[in-house]
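Q: Please take one part of this model and go through it slowly, strand by strand, then say how the rest of the chain looks around it. Keep it casual, but give me the cut-offs.

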Amino acid sequence: MTPPKPSSRVGRVSIWRYLRLFRNDILSAQSDKLYQAWMAEMRTPFFHSFMVNDPALTKVVLKERPDDFPKSDRIAAGLIPLLGRDSVFLTNGAQWKQQRRIIDPAFEGGRLREIFPVIWESAAAAVARLGATPAGSVVEIDHHASHAAADVIFRTLFSIPIESDVAREVFEAFRDHQRSRPVMNLGAFINLPAWVPRFPSRKTGETARRIRRLISKMVDERQAQIAAGTAPDDLATKIMTTADPETGALFTPAEMVDQVAIFFLAGHETSASALAWALYLVALYPEWQDQAAREAQGMAAEFSALSKLRINRDIFRETLRLYPPVPMMVREATAPETFRDRAVPVGAQIVLSPWHLHRHTRFWQSPDDFDPARWSTPECRASARDAYMPFSEGPRVCVGAGFAMLEGTLILAMLLRDFRFEVVEGRDPVPVAYMTVRAKDGIWLRVTPRGPVNPPAQTTG
């Protein structure tokens, strides 16, 4: 059985038809030819865009000349209400570089070992919450994945579990907010007329303001703890006390609110998306689920345990290939360019699509199949160098990429160690792009406690 994939648009359609399709779902609005094409150009009275799948060009845009292809201001318009104007996700140029100089030290490699016990605690809490449901229940696994990912963020950022009052309030507000505004939206492509609303509803604006008020409260409290010398040594303290090595500047409380907002969005929403799809995929392929569960048996609460979770890690990698949480990214050309003998004018939108690259027929064998074993082959590793970027690439690669891989692999392993997940007949998920790649009506799985995992049968001959 092939994992679910949105149907693609076949053939040409009018611009108005395309905009209606795009409004309903970004993924299914795209042409089926994009899974084979090196590049596609779309020119209309409203926008001029290029979707780039050519590895040589993606490297130019993301790695070699990122300053010439900044993030599009059109992306920012829909996200400012939640993230603010100074979020590292939205800024460009000198401001962005200063922000990364302050933020990056908090996520250096050695920090993963320090946060491992915190993620273990979050994973154990997720196991306990799922264990509280009656055996054999059908549960919306998205909610449990979101709960677990949010718990990780609060524990690592502010040293508080999600059960604390303010963390629970932020989580609940974000649940109301998350499906109302996609990261990729019409405004990312189109210079919309003034009369077209950028923000889809009053409720969305209200939830964004509520989330930011709660985050501001946490930042103010942490600022007071830092001043009093009582702040815990967590990510928030690290970031708030790190000065830019070039200018000596610290984040102001207002700037820190913007950074925490994107940490929560990027670190919670994206991780939740990947974990939910991973659990669905192992339910769809129980032979892989059993292998991963056997691997997790007897796992110790030690950082070194991660090196032994090879199957769980490859399952999570393959999940990120099939369902990259952020399916598309947009950059803007700031000077005239030539891409594959086509003129790229100033202001053109350059679309980089992990969704299509990860399923591109020129790079991947059986691209729509779930096959974690592919990650042990030289062919897959070669493809990954050119066509695998779930965390983006280059200077703007996700600062928490290593963090996300640790979190996803460990939580997946601990859940599979203790529970069996089964698909529910008639409730196949349909992938759509909300803030991240989610299932249209949720992912529903039957969950039962797992007994002892028998070793695989031994063959003789």
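A: Start with strands S3 and S11 (residues 444-449), which pair in the antiparallel sense over 4 bridges. Helices (H or I, at least four residues) and strands (E, at least two) are DSSP runs, numbered from the N terminus, and two strands pair if DSSP finds at least two bridges between them. Before going further: this is a predicted model, where local features need pLDDT of at least 70 and side-chain atom pairs count only at pLDDT 80 or more, while totals for chains, interfaces and linings use all residues. Residues are numbered from 1 along each chain as its sequence is written, and side-chain values use heavy atoms, with hydrogens and water left out.

Back to that pairing. Ser-137 has Val-447 of S11 as its bridge partner, and Val-139 sits opposite Leu-445 in S11. On its other flank S11 meets S8: the two run antiparallel and are joined by 5 bridges, with Glu-422 facing Arg-446 of S11. Put together, that's an open sheet of 3 strands in the order S3-S11-S8, paired antiparallel. Strand S3 (137-140) and strand S8 (419-423) are the edge strands, each pairing on one side only. From one strand to the next, the twist averages 40 degrees.

Which residue in strand S3 is worth zooming in on? Try Val-139, which is found in that strand. Its relative accessibility is 7%, so Val-139 counts as buried (under 20% relative accessible area; exposed is over 50%, partly exposed in between, with a 1.4 Å probe and protein chains only). The sequence distance here is fun: Val-139 and Trp-444 are 305 residues apart along the chain, yet their C-alpha atoms are 5.4 Å apart in space. Leaving out residues up to four places away in sequence, Val-139 touches Leu-130, Thr-133, His-144, Ile-443, Trp-444, Leu-445 and Val-447, where contact means heavy atoms within 4.5 Å.

Now for what sits against the sheet. Helix H16 (residues 401-418) lies across S8 and S11 and runs at about 90 degrees to S8. For that angle, axes are lines fitted to C-alpha atoms, for helices over the stretch in contact, and angles run from 0 to 180 degrees between N-to-C directions. In the segment after S11 you'll find Arg-450. Despite the charged side chain you might have in mind, look at the number: Arg-450 has a relative accessible area of 12% and is buried. Arg-450 touches Gln-289, Asp-290, Ala-293, Leu-416, Arg-417, Asp-418, Phe-419 and Arg-420, again skipping residues up to four places away in sequence.

H16 also leads to an oddity in the backbone. Ser-392 lies in the loop between helix H15 (378-387) and H16. Ser-392 has a positive phi of about 70 degrees although it is not a glycine, and at 11% relative accessibility it counts as buried. Elsewhere, Asp-341 in the loop between strand S5 (337-339) and strand S6 (342-344) likewise has a positive phi, about 65 degrees, without being a glycine. Asp-341, though, counts as exposed at 79% relative accessibility.

Further out, two helices show how buried residues are arranged. In helix H4 (residues 93-103), the buried ones are Trp-96, Gln-99, Arg-100, Ile-102 and Ile-103. Looking down the axis of H4, they fall within an arc of 160 degrees, so they line one face of the helix (the arc is that of the directions from the helix axis to the C-beta atoms). Their cover includes helix H10 (235-240) and helix H11 (253-284). In H7, Val-166, Ala-167, Val-170, Phe-171, Ala-173, Phe-174 and His-177 are buried. Those cover an arc of only 165 degrees around the axis, which puts them on the same side of H7.

Finally, the wider setting. The chain has 16 helices and 11 strands, and 54% of its 461 residues count as buried. Among contacts between residues at least 6 apart in sequence, 74% join residues at least 24 apart; the Val-139 and Trp-444 pair, 305 residues apart in sequence, makes a handy picture to keep in mind.
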